[in-house]
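User: I would like to learn how to read a few features of a structure, starting with surface patches. Please give the general idea before each case.

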Amino acid sequence: MEFREAMQEKYKEILESYMKDQNEQALYLSQKFSRKSIEHKISPEEIIILHRTALLELGIEAEADMLQSFDILLEVMMAYGIAYREHQNLRTIQQELKSEIEVAANMQQTLLGTQVPEVDCLDIGAISVPARQMSGDYYHFVHDEQGAVSVAIADVIGKGIPAALCMSMIKYSMDSLPEGRHEPCRVLESLNRVVEQNVDPTMFITMFYGMYNTMNHTFYYSSAGHEPGFFYNHQTQQFEELYAKGLLLGVDKKTKYRQFEKKAEAGDIILLMSDGVTECRTKDGFIEVDTLLGYIKKYIHLEAQEIADKVYKELEFLQDFELRDDFTLIILKRIK
(Lines give C-alpha, C1' and ligand atoms only; values in the text may rest on other atoms or scores of the structure.)
Protein backbone atom coordinates (compact mmCIF):
# COMPACT_ATOMS: atom_id res chain seq x y z
CA MET A 1 0.00 0.00 0.00
CA GLU A 2 1.31 3.44 -0.97
CA PHE A 3 2.12 5.84 1.87
CA ARG A 4 -0.63 8.32 0.92
CA GLU A 5 -3.18 5.48 0.77
CA ALA A 6 -2.07 4.27 4.19
CA MET A 7 -2.46 7.79 5.61
CA GLN A 8 -5.91 8.05 4.04
CA GLU A 9 -6.96 4.75 5.60
CA LYS A 10 -5.61 5.75 9.02
CA TYR A 11 -7.40 9.09 8.94
CA LYS A 12 -10.67 7.36 8.00
CA GLU A 13 -10.28 4.97 10.97
CA ILE A 14 -9.75 7.88 13.38
CA LEU A 15 -12.73 9.78 11.98
CA GLU A 16 -14.98 6.72 12.03
CA SER A 17 -14.04 5.98 15.65
CA TYR A 18 -14.86 9.53 16.70
CA MET A 19 -18.16 9.58 14.79
CA LYS A 20 -19.28 6.50 16.73
CA ASP A 21 -18.26 7.45 20.28
CA GLN A 22 -16.91 11.07 20.31
CA ASN A 23 -14.13 9.72 22.58
CA GLU A 24 -10.90 11.37 23.76
CA GLN A 25 -8.85 8.52 22.33
CA ALA A 26 -9.79 9.52 18.79
CA LEU A 27 -8.78 13.13 19.51
CA TYR A 28 -5.43 11.90 20.87
CA LEU A 29 -4.89 9.78 17.76
CA SER A 30 -5.69 12.81 15.59
CA GLN A 31 -2.87 14.78 17.27
CA LYS A 32 -0.44 11.93 16.60
CA PHE A 33 -1.67 11.86 13.02
CA SER A 34 -0.97 15.58 12.75
CA ARG A 35 2.63 15.16 13.92
CA LYS A 36 3.18 12.31 11.48
CA SER A 37 1.75 14.44 8.67
CA ILE A 38 4.24 17.22 9.42
CA GLU A 39 7.07 14.70 9.63
CA HIS A 40 6.23 13.44 6.15
CA LYS A 41 5.62 16.96 4.80
CA ILE A 42 1.92 16.50 4.04
CA SER A 43 0.54 19.92 3.17
CA PRO A 44 -2.55 21.50 4.85
CA GLU A 45 -4.53 21.20 1.63
CA GLU A 46 -3.81 17.48 1.50
CA ILE A 47 -5.23 17.16 5.02
CA ILE A 48 -8.48 18.75 3.81
CA ILE A 49 -8.56 16.31 0.88
CA LEU A 50 -8.05 13.40 3.29
CA HIS A 51 -11.01 14.61 5.33
CA ARG A 52 -13.26 15.05 2.31
CA THR A 53 -12.35 11.61 0.95
CA ALA A 54 -12.97 10.01 4.35
CA LEU A 55 -16.42 11.63 4.53
CA LEU A 56 -17.34 10.25 1.15
CA GLU A 57 -16.03 6.74 1.91
CA LEU A 58 -17.87 6.67 5.26
CA GLY A 59 -21.06 7.88 3.59
CA ILE A 60 -21.49 10.80 5.99
CA GLU A 61 -24.19 13.07 4.64
CA ALA A 62 -26.43 14.21 7.53
CA GLU A 63 -25.76 17.78 8.64
CA ALA A 64 -25.29 16.84 12.31
CA ASP A 65 -22.83 14.10 11.43
CA MET A 66 -21.02 16.46 9.09
CA LEU A 67 -20.56 19.02 11.88
CA GLN A 68 -19.23 16.33 14.24
CA SER A 69 -16.69 15.23 11.64
CA PHE A 70 -15.11 18.67 11.71
CA ASP A 71 -14.15 18.17 15.36
CA ILE A 72 -11.49 15.75 14.15
CA LEU A 73 -10.42 18.02 11.30
CA LEU A 74 -10.15 20.94 13.71
CA GLU A 75 -8.04 18.91 16.16
CA VAL A 76 -5.68 17.80 13.42
CA MET A 77 -5.32 21.27 11.95
CA MET A 78 -4.85 23.00 15.34
CA ALA A 79 -1.88 20.82 16.20
CA TYR A 80 -0.66 21.11 12.64
CA GLY A 81 -0.95 24.90 12.70
CA ILE A 82 1.01 25.26 15.95
CA ALA A 83 3.81 23.04 14.66
CA TYR A 84 3.75 24.78 11.28
CA ARG A 85 4.16 28.23 12.86
CA GLU A 86 7.05 26.96 14.99
CA HIS A 87 8.63 25.51 11.87
CA GLN A 88 8.24 28.81 10.03
CA ASN A 89 9.82 30.71 12.95
CA LEU A 90 12.77 28.32 12.94
CA ARG A 91 13.16 28.78 9.19
CA THR A 92 13.14 32.56 9.61
CA ILE A 93 15.81 32.36 12.33
CA GLN A 94 17.85 29.95 10.21
CA GLN A 95 17.66 32.29 7.22
CA GLU A 96 18.80 35.24 9.35
CA LEU A 97 21.75 33.23 10.66
CA LYS A 98 22.62 32.13 7.14
CA SER A 99 22.61 35.74 5.94
CA GLU A 100 24.82 36.81 8.86
CA ILE A 101 27.28 34.00 8.15
CA GLU A 102 27.40 34.96 4.46
CA VAL A 103 28.22 38.55 5.42
CA ALA A 104 30.86 37.33 7.88
CA ALA A 105 32.37 35.02 5.25
CA ASN A 106 32.62 37.90 2.77
CA MET A 107 34.21 40.08 5.43
CA GLN A 108 36.67 37.30 6.23
CA GLN A 109 37.75 37.09 2.59
CA THR A 110 38.21 40.86 2.48
CA LEU A 111 40.03 41.18 5.79
CA LEU A 112 42.28 38.17 5.31
CA GLY A 113 42.97 38.60 1.63
CA THR A 114 46.64 38.35 0.60
CA GLN A 115 48.54 38.88 -2.63
CA VAL A 116 50.76 36.09 -3.98
CA PRO A 117 54.13 37.75 -4.64
CA GLU A 118 55.75 37.75 -8.06
CA VAL A 119 59.44 36.91 -7.72
CA ASP A 120 61.86 36.14 -10.55
CA CYS A 121 63.44 33.13 -8.87
CA LEU A 122 60.26 31.62 -7.40
CA ASP A 123 57.09 30.11 -8.80
CA ILE A 124 54.43 30.37 -6.07
CA GLY A 125 51.06 28.62 -5.91
CA ALA A 126 48.40 28.68 -3.20
CA ILE A 127 44.95 27.25 -2.68
CA SER A 128 42.72 27.52 0.39
CA VAL A 129 39.22 26.02 0.45
CA PRO A 130 36.99 26.11 3.56
CA ALA A 131 35.05 23.00 4.53
CA ARG A 132 32.16 25.32 5.48
CA GLN A 133 31.42 28.97 4.75
CA MET A 134 33.84 30.21 7.40
CA SER A 135 37.42 28.97 7.29
CA GLY A 136 39.63 28.16 10.27
CA ASP A 137 42.70 28.22 8.01
CA TYR A 138 44.70 31.31 7.13
CA TYR A 139 47.72 32.08 4.99
CA HIS A 140 49.55 35.33 4.34
CA PHE A 141 52.48 36.48 2.18
CA VAL A 142 54.90 39.35 2.82
CA HIS A 143 57.34 40.52 0.13
CA ASP A 144 59.77 42.94 1.76
CA GLU A 145 62.06 45.59 0.28
CA GLN A 146 65.09 43.30 0.50
CA GLY A 147 63.37 40.83 -1.82
CA ALA A 148 62.66 38.17 0.81
CA VAL A 149 59.34 36.35 0.63
CA SER A 150 57.76 35.46 3.97
CA VAL A 151 54.77 33.14 4.26
CA ALA A 152 52.57 32.27 7.22
CA ILE A 153 50.08 29.43 7.36
CA ALA A 154 47.89 29.02 10.44
CA ASP A 155 45.00 26.93 11.68
CA VAL A 156 42.56 27.86 14.44
CA ILE A 157 41.37 24.75 16.26
CA GLY A 158 37.75 25.85 16.07
CA LYS A 159 35.35 26.98 13.36
CA GLY A 160 32.91 29.68 12.46
CA ILE A 161 32.84 33.35 13.33
CA PRO A 162 35.07 33.11 16.48
CA ALA A 163 37.83 31.50 14.37
CA ALA A 164 37.44 34.17 11.68
CA LEU A 165 37.71 36.98 14.25
CA CYS A 166 40.78 35.34 15.74
CA MET A 167 42.41 35.09 12.32
CA SER A 168 41.70 38.77 11.65
CA MET A 169 43.51 39.67 14.87
CA ILE A 170 46.49 37.51 13.85
CA LYS A 171 46.60 39.13 10.42
CA TYR A 172 46.65 42.69 11.72
CA SER A 173 49.18 41.75 14.39
CA MET A 174 51.45 40.51 11.62
CA ASP A 175 50.97 43.73 9.66
CA SER A 176 52.03 45.67 12.76
CA LEU A 177 55.27 43.77 13.28
CA PRO A 178 58.55 45.72 13.02
CA GLU A 179 61.18 45.02 10.40
CA GLY A 180 62.39 42.03 12.39
CA ARG A 181 59.57 40.11 10.78
CA HIS A 182 62.05 38.33 8.51
CA GLU A 183 63.16 36.13 11.42
CA PRO A 184 60.46 33.45 11.74
CA CYS A 185 61.27 32.59 15.36
CA ARG A 186 60.85 36.23 16.41
CA VAL A 187 57.61 36.55 14.45
CA LEU A 188 56.10 33.58 16.28
CA GLU A 189 57.28 34.87 19.64
CA SER A 190 55.60 38.24 18.99
CA LEU A 191 52.36 36.67 17.81
CA ASN A 192 52.40 34.24 20.73
CA ARG A 193 52.32 37.14 23.20
CA VAL A 194 49.43 38.77 21.31
CA VAL A 195 47.40 35.55 21.27
CA GLU A 196 48.11 34.77 24.93
CA GLN A 197 46.77 38.19 25.97
CA ASN A 198 43.78 38.42 23.65
CA VAL A 199 42.40 35.00 22.77
CA ASP A 200 40.15 32.77 24.86
CA PRO A 201 42.20 29.98 26.50
CA THR A 202 39.93 27.35 24.93
CA MET A 203 40.89 28.42 21.41
CA PHE A 204 44.20 27.06 20.10
CA ILE A 205 46.18 28.31 17.11
CA THR A 206 48.93 26.55 15.18
CA MET A 207 51.21 28.43 12.79
CA PHE A 208 54.10 27.75 10.46
CA TYR A 209 56.13 30.80 9.47
CA GLY A 210 58.86 30.75 6.84
CA MET A 211 61.04 33.26 5.04
CA TYR A 212 62.66 32.57 1.67
CA ASN A 213 65.80 34.67 1.19
CA THR A 214 66.06 35.29 -2.55
CA MET A 215 69.70 36.36 -2.23
CA ASN A 216 71.11 33.09 -0.88
CA HIS A 217 68.11 30.85 -1.73
CA THR A 218 67.72 29.64 1.83
CA PHE A 219 64.38 28.98 3.48
CA TYR A 220 64.28 29.88 7.18
CA TYR A 221 61.32 28.58 9.17
CA SER A 222 59.78 28.01 12.61
CA SER A 223 56.62 26.25 13.77
CA ALA A 224 54.11 26.69 16.59
CA GLY A 225 52.64 23.20 16.69
CA HIS A 226 51.64 23.35 13.01
CA GLU A 227 51.55 20.56 10.46
CA PRO A 228 55.09 19.99 9.13
CA GLY A 229 55.86 20.95 5.57
CA PHE A 230 57.80 18.97 2.98
CA PHE A 231 60.86 19.68 0.85
CA TYR A 232 61.21 18.11 -2.60
CA ASN A 233 64.80 17.63 -3.78
CA HIS A 234 64.80 17.94 -7.55
CA GLN A 235 68.19 16.22 -7.87
CA THR A 236 67.27 13.06 -5.92
CA GLN A 237 63.52 13.30 -6.65
CA GLN A 238 62.83 12.57 -3.00
CA PHE A 239 60.71 14.26 -0.30
CA GLU A 240 61.83 15.05 3.20
CA GLU A 241 59.88 16.52 6.11
CA LEU A 242 60.62 20.10 7.13
CA TYR A 243 61.22 19.24 10.76
CA ALA A 244 60.10 21.93 13.19
CA LYS A 245 58.47 21.72 16.59
CA GLY A 246 57.11 24.37 18.91
CA LEU A 247 54.31 25.09 21.37
CA LEU A 248 50.94 26.28 20.04
CA LEU A 249 50.36 30.03 20.08
CA GLY A 250 48.86 31.47 23.24
CA VAL A 251 49.73 28.72 25.71
CA ASP A 252 52.68 30.43 27.40
CA LYS A 253 53.66 34.03 26.61
CA LYS A 254 57.32 33.31 27.44
CA THR A 255 57.65 30.54 24.85
CA LYS A 256 60.75 30.61 22.63
CA TYR A 257 60.73 29.10 19.14
CA ARG A 258 63.58 27.38 17.33
CA GLN A 259 64.48 28.43 13.81
CA PHE A 260 65.58 26.02 11.08
CA GLU A 261 66.87 26.52 7.55
CA LYS A 262 66.95 24.68 4.25
CA LYS A 263 68.99 25.52 1.15
CA ALA A 264 67.06 25.33 -2.13
CA GLU A 265 68.54 24.58 -5.57
CA ALA A 266 66.88 25.11 -8.94
CA GLY A 267 63.87 22.81 -9.25
CA ASP A 268 63.53 22.22 -5.50
CA ILE A 269 60.07 22.71 -4.00
CA ILE A 270 58.83 23.76 -0.55
CA LEU A 271 55.33 22.56 0.38
CA LEU A 272 53.36 24.00 3.30
CA MET A 273 49.90 22.80 4.28
CA SER A 274 47.16 22.58 6.89
CA ASP A 275 46.02 19.33 8.48
CA GLY A 276 43.06 19.31 6.08
CA VAL A 277 45.60 18.13 3.49
CA THR A 278 47.63 15.59 5.46
CA GLU A 279 44.61 14.27 7.35
CA CYS A 280 42.36 13.86 4.35
CA ARG A 281 39.65 11.40 5.40
CA THR A 282 37.88 8.88 3.21
CA LYS A 283 35.33 6.21 4.12
CA ASP A 284 38.27 3.90 4.84
CA GLY A 285 40.04 6.37 7.17
CA PHE A 286 42.92 8.83 6.79
CA ILE A 287 45.06 8.66 3.67
CA GLU A 288 48.72 7.73 4.02
CA VAL A 289 51.40 10.42 3.67
CA ASP A 290 52.89 8.41 0.80
CA THR A 291 49.57 8.71 -1.03
CA LEU A 292 49.62 12.49 -0.66
CA LEU A 293 53.24 12.76 -1.78
CA GLY A 294 52.43 10.45 -4.68
CA TYR A 295 49.83 12.91 -5.96
CA ILE A 296 52.27 15.80 -5.57
CA LYS A 297 54.97 13.91 -7.44
CA LYS A 298 52.48 13.06 -10.19
CA TYR A 299 52.16 16.76 -11.01
CA ILE A 300 55.64 17.92 -9.94
CA HIS A 301 56.55 18.95 -13.52
CA LEU A 302 53.74 21.53 -13.65
CA GLU A 303 53.76 25.14 -12.48
CA ALA A 304 53.24 25.71 -8.76
CA GLN A 305 49.60 26.84 -9.00
CA GLU A 306 48.71 23.92 -11.25
CA ILE A 307 50.28 21.48 -8.77
CA ALA A 308 48.20 22.96 -5.93
CA ASP A 309 44.99 22.86 -7.98
CA LYS A 310 45.54 19.30 -9.25
CA VAL A 311 46.37 17.90 -5.80
CA TYR A 312 43.25 19.56 -4.37
CA LYS A 313 41.08 17.98 -7.09
CA GLU A 314 42.58 14.55 -6.40
CA LEU A 315 41.94 14.76 -2.66
CA GLU A 316 38.48 16.25 -3.20
CA PHE A 317 37.62 13.24 -5.37
CA LEU A 318 38.87 10.85 -2.67
CA GLN A 319 36.44 12.48 -0.21
CA ASP A 320 33.47 12.21 -2.59
CA PHE A 321 33.65 15.99 -3.16
CA GLU A 322 32.81 16.72 0.47
CA LEU A 323 35.64 18.36 2.43
CA ARG A 324 35.72 17.32 6.08
CA ASP A 325 38.25 19.98 7.07
CA ASP A 326 39.61 23.26 5.73
CA PHE A 327 42.16 22.70 2.96
CA THR A 328 45.21 24.93 2.47
CA LEU A 329 48.25 24.12 0.34
CA ILE A 330 51.12 26.49 -0.52
CA ILE A 331 53.92 25.69 -2.97
CA LEU A 332 57.22 27.55 -3.42
CA LYS A 333 59.19 26.30 -6.40
CA ARG A 334 62.68 27.65 -7.17
CA ILE A 335 62.90 28.15 -10.92
CA LYS A 336 66.42 29.62 -11.25
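Analyst: A nonpolar patch is made of residues with over 30% relative accessible area and no salt bridge, their nonpolar side chains being joined within 5 Å. Keep in mind that this is a predicted model.

User: Which residues form a nonpolar patch on the surface here?

Analyst: Ile157, Phe204, Leu247 and Val251 do, and together they have about 340 Å² of accessible area. Ile157 belongs to strand E3, residues 149–157. With a relative accessible area of 47%, Ile157 is partly exposed, since that class runs between 20% and 50%.

User: And the opposite case, the nonpolar core?

Analyst: In soluble globular proteins, nonpolar side chains tend to be buried together. In this model the largest nonpolar core has 27 residues, and Leu292, Val311, Leu315, Phe327, Leu329 and Ile331 have the most contacts inside it. Several elements supply at least two residues each, among them strand E1 (122–129), helix H8 (289–298) and strand E12 (327–334). Helix H9 gives the largest share of this core, six residues.

User: What is Leu292 in contact with, leaving aside its neighbours within four places in sequence?

Analyst: Leu292 touches Met273, Val277, Thr278, Ile287, Val311 and Leu315.

User: How do I read a salt bridge?

Analyst: Look for a side-chain nitrogen of Lys or Arg within 4 Å of a carboxyl oxygen of Asp or Glu. By this rule the count comes to eight salt bridges. In one of them, Glu57 pairs with Lys12, with the closest N and O atoms 3.2 Å apart. This pair links distant parts of the chain, as Glu57 is in helix H3 (residues 44–58) and Lys12 is in helix H1, 45 residues apart. Glu57 is partly exposed at 45% relative accessibility, whereas Lys12 is buried at 17%. Glu9, Lys12 and Glu57 are linked in a network of salt bridges.

User: Where do Lys313 and Glu316 lie?

Analyst: Both are in helix H9, three residues apart, which is about one turn of the helix. Their side chains meet in a salt bridge at 3.9 Å, N to O. Glu316 counts as buried, at 13% relative accessibility.

User: What should I check in the backbone of loops?

Analyst: Check the sign of phi in residues other than glycine. Gln22, in the loop between helix H1 (3–21) and helix H2 (24–39), has a positive phi of about 50 degrees. His217 also has a positive phi of about 50 degrees, and is found in the loop between strand E4 (204–213) and strand E5 (218–224).

User: Are these two residues buried or partly exposed?

Analyst: Gln22 is partly exposed at 36% relative accessibility, while His217 is buried at 13%.

Notes:
Residues are numbered from 1 along each chain as its sequence is written. This is a predicted model: local features need pLDDT of at least 70, side-chain atom pairs count only at pLDDT 80 or more; totals for chains, interfaces and linings use all residues. Side-chain values use heavy atoms; hydrogens and water are left out. Patches are made of residues with over 30% relative accessible area and no salt bridge: like charges are joined within 9 Å, nonpolar side chains (Val, Leu, Ile, Met, Phe, Trp, Tyr) within 5 Å. Accessible areas come from the Shrake-Rupley method with a 1.4 Å probe; for residues, only the protein chains shown count as cover. Helices (H or I, at least four residues) and strands (E, at least two) are DSSP runs, numbered from the N terminus. Buried means under 20% relative accessible area, exposed over 50%, partly exposed in between (1.4 Å probe, protein chains only). A nonpolar core is a set of buried Ala, Val, Leu, Ile, Met, Phe, Trp, Tyr and Cys residues joined through side-chain atoms within 4.5 Å. Contact means heavy atoms within 4.5 Å.
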